[in-house]
Amino acid sequence: IGPGGITVIETKCFKGWIFGDARAAQWTQVIYRHRTRFQNPFRQNWRHVQVLAALLELPPAQLQNAVVLLEARWKGDTCPDGLYFRATDLVRAIRARPAGMLAPAEVQRLAARIESLRLAPGRASRRRHVANLRRRHRS
């Protein structure tokens, strides 16, 4: 959270080559000859962006969808905007966003609101989250 808005970050620790399209439902990880398909992390994080925007009563334009794929290399046609391979690149991009989207008092208010909405860390919260995802994706 900062003067340039809110950045919602999805981090994946994948090795190997990553192939995909920004709008495709799935991407592919290739390590030597082994291929694994996985959900497009932008689409996964889009839901996080939408929920957070609704909870904070903000227009989605004030939130940025960012994905960090640590230890991977992009081999798709065009690397999607908002995709980073090092945390330092993401930090640089966040700092480069124009200030003025959120006033300092609004940054503090939103940070306090997010903190109040966070689930308690631990196994119980993780189990509830995973069970909810399984219910949502069964249909």
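Two strands count as paired here if DSSP finds at least two bridges between them. By that rule strand 4 (residues 63-74) pairs with strand 5, through 2 bridges and in parallel. Please keep in mind as you look around that this is a predicted model. The tour below starts with the sheet, moves on to the helices packed against it, and ends with the cysteines.

**The sheet**

- The sheet is open and has 5 strands, arranged in the order 3-2-1-4-5 with mixed pairing.
- Strand 3 and strand 5 (83-84) are the edge strands; each has a single partner strand, so one side of each has no neighbour in the sheet.
- For the pairing of strand 4 with strand 5, a handy landmark is Val67, which sits opposite Leu83 of strand 5.
- At the other edge, strand 2 (residues 26-31) and strand 3 (residues 34-39) run antiparallel and are joined by 6 bridges.
- To find your place in that antiparallel pair, look for Gln29, which faces Thr36 in strand 3.
- Strand 2 and strand 3 form a hairpin with 2 residues between the strands, and in this hairpin Tyr32 has a positive phi near 55°.

**Helix 1 on the sheet**

- Helix 1 (residues 41-56) lies across strand 1 (6-19), strand 2, strand 3, strand 4 and strand 5, and it runs at about 170° to strand 1.
- From first C-alpha to last, the 16 residues of helix 1 reach 22 Å, close to the 22 Å expected at 1.5 Å a residue.
- Which residues of helix 1 are buried? They are Pro41, Phe42, Asn45, Val49, Leu52, Ala53 and Leu56.
- Viewed down the axis of helix 1, these buried residues fall within an arc of 100°, so they line one face of the helix.
- As a general reminder, an α-helix has 3.6 residues a turn, so residues three or four places apart point the same way.
- The cover over the buried residues of helix 1 includes strand 1, strand 2, strand 3, strand 4 and strand 5, along with helix 3 (104-117).
- Gln50 also belongs to helix 1, but it is partly exposed, with a relative accessible area of 27%.
- Gln50 and Leu63 are 13 residues apart along the chain, and their C-alpha atoms are separated by 8.9 Å.

**Helix 2 and a long-range neighbour**

- Back at the parallel pair, where 2 bridges join strand 4 to strand 5, helix 2 (residues 87-96) packs on the sheet and touches strand 1, strand 4 and strand 5.
- The direction of helix 2 makes about 155° with that of strand 4.
- Ala96 is part of helix 2, and with a relative accessible area of 61% it is exposed.
- In sequence Ala96 and Gly4 are 92 residues apart, yet their C-alpha atoms are 8.4 Å apart in space.

**Cysteines**

- How many disulfides does the structure hold? The structure holds 0 disulfides.
- Why is Cys13 not in a bond with Cys79? Cys79 holds the closest cysteine sulfur to that of Cys13, but the two are 17 Å apart, which is too far for a bond.
- For scale, a disulfide here requires a pair of cysteine sulfur atoms within 2.5 Å.
- Is Cys13 buried or exposed? Cys13 counts as exposed, at 55% relative accessibility.
- Cys79, in turn, is partly exposed, with a relative accessible area of 34%.

Methods
Residues numbered from 1 in each chain as written. Predicted model: local features only at pLDDT ≥ 70, side-chain atom pairs only at ≥ 80, totals over all residues. Heavy atoms only, no water. Helix = DSSP H or I, 4+ residues; strand = E, 2+ residues; numbered from the N terminus. Buried < 20%, exposed > 50% of the residue type's maximum accessible area, 1.4 Å probe, protein only. Contact = heavy atoms within 4.5 Å. Axes fitted to C-alpha atoms, helices over the stretch in contact; angles between N-to-C directions. Expected span 1.5 Å × (residues − 1). Arc of directions from axis to C-beta.
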